[in-house]
Amino acid sequence: MNKYIIFFFLAVIASVNSSSGDDECNHAIGGQFPYTALEYPYNALEPFIIQQTMELHHDKHYKAYTDNCNAAVINTPLVTLSMEDIIRDYSRQNTKIRNNCGGYYNHCLFWKFMQGNQNQLPEGKLMKHIQKSFGNYDSFVEQFETAASSVFGSGWAWLVLTENQGEDQNLRICSTPNQDSPLFNQNDQQCKGQIILLLDVWEHAYYLQYFNVRANYINNWWSVVNWRYAERRYEKAMEYSKTKKIDLL
């Protein structure tokens, strides 16, 4: 069978089985993955994240990841797949995809996890699940900050919805180096799953303002977390897991 036909059917299956993936970040438009705009002004996160950081981070770093990811998949059958499936199934064999498409997708989501309506808290079912998994919200924050602070060099901290055989869905905190993702992470079995929240701890995310004091950046970041977006991802991931077991590879 022609390989393009095979990829077409894979793309159809991926669209049907989409879990918590954000369509804007997850699917190519016109043959390439979009360089998405911020949904708020560059200065909307001040004083916690300054405008200069957002301009550099979004317009330079994210733009480079977008361009390099598209260069790796454009004019190939991969562009018919979702970004989640590209990262999940092809990152292990292709360093360019792992680094650049991982960087593209992580950042595309990261912008959505922040907003200018400051000092939100999680609500509803997500808050209840956080309390069930970590004891209380303060304990969750402490454990998440520890994971983010403990990343050696560059990487990300995550809250994921994971599923172990014979267990209910669980919320877990973990971290990954570089642009690695819970979608394909092989090193930590507890870090595989659906992305509910993520934090960029690469130095370019905070160094202009916080210099080498990453802990202050992490602590202040809670003031701009968009918990409403995290809740939507959580609800979609939970609904998906009821109808199809999450493929944790």
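**Salt bridges, disulfides and helices**

A network of salt bridges links E24, E39 and K112. Keep in mind, as you look at it, that this is a predicted model. One part of that network is the salt bridge between the side chains of K112 and E24, with N and O 2.6 Å apart. Because K112 sits in helix α5 and E24 in helix α2, this pair ties together parts that are 88 residues apart in sequence. The two partners have rather plain labels for their surroundings: K112 is buried, with a relative accessible area of 8%, and E24 is partly exposed, at 36%.

Why would such residues team up at all? Side chains of opposite charge can pair when their charged atoms come close. In this model the count comes to 6 salt bridges, so let's visit a couple that sit inside a single helix.

Start with helix α3, where D67 and K63 lie 4 residues apart, about one turn of the helix. Their closest N and O atoms are 2.9 Å apart, and they form a salt bridge. D67 counts as partly exposed at 38% relative accessibility, and K63 also counts as partly exposed, at 30%. The spacing makes sense once you know the helix geometry: an α-helix has 3.6 residues a turn, so residues three or four places apart point the same way.

Now hop over to helix α4, which holds R88 and D85, 3 residues apart and again about one turn of the helix. These two form a salt bridge as well, with their closest N and O atoms 2.8 Å apart. Here R88 and D85 are both buried. What about the rest of α4? This helix runs over residues 83-90, and 6 of its 8 residues are buried, so it is largely enclosed by the rest of the structure. The buried ones are M83, E84, D85, I86, I87 and R88.

Next come the disulfides, and there are 3 of them. One joins C25 to C108, with the sulfurs 2.2 Å apart. It links distant parts of the chain, as C25 is in helix α2 (residues 23-26) and C108 is in helix α5 (residues 95-112), 83 residues apart. The torsion about this S-S bond of C25 and C108 is about -85°, so the disulfide is left-handed. Both C25 and C108 are buried.

Another disulfide joins C69 to C101, also with an S to S distance of 2.2 Å. This pair connects helix α3 (residues 51-73), home of C69, with helix α5, home of C101, across 32 residues. For C69 and C101 the torsion is about 95°, so the disulfide is right-handed. C69 and C101 are both buried.

The disulfide of C174 and C191 has its sulfur atoms 1.9 Å apart. C174 lies in strand β2 and C191 in the loop between β2 and β3, so the pair ties together parts 17 residues apart in sequence. With 65° about the S-S bond, this link of C174 and C191 is right-handed. C174 is buried at 4% relative accessible area, and C191 is buried at 0%. Number the bonded cysteines in sequence order, and the pairing reads 1-4, 2-3, 5-6.

Finally, look at helices α6 (residues 124-134) and α7 (residues 137-149). Their axes come within 8 Å and cross at roughly 70°, and the two helices are therefore roughly perpendicular to each other. M127, I130, Q131 and F134 of α6 make the contact with Y137, S139, F140 and Q143 of α7. By class, that contact has 5 nonpolar, 3 polar and no charged residues.

Methods. Residues numbered from 1 in each chain as written. Predicted model: local features only at pLDDT ≥ 70, side-chain atom pairs only at ≥ 80, totals over all residues. Heavy atoms only, no water. Disulfide = S-S within 2.5 Å. Buried < 20%, exposed > 50% of the residue type's maximum accessible area, 1.4 Å probe, protein only. Axes fitted to C-alpha atoms, helices over the stretch in contact; angles between N-to-C directions. Parallel < 35°, antiparallel > 145°, perpendicular 65-115°, else oblique. Contact = heavy atoms within 4.5 Å. Nonpolar A, V, L, I, M, F, W, Y, C, P; charged D, E, K, R; others polar. Salt bridge = Lys/Arg side-chain N within 4 Å of Asp/Glu carboxyl O.
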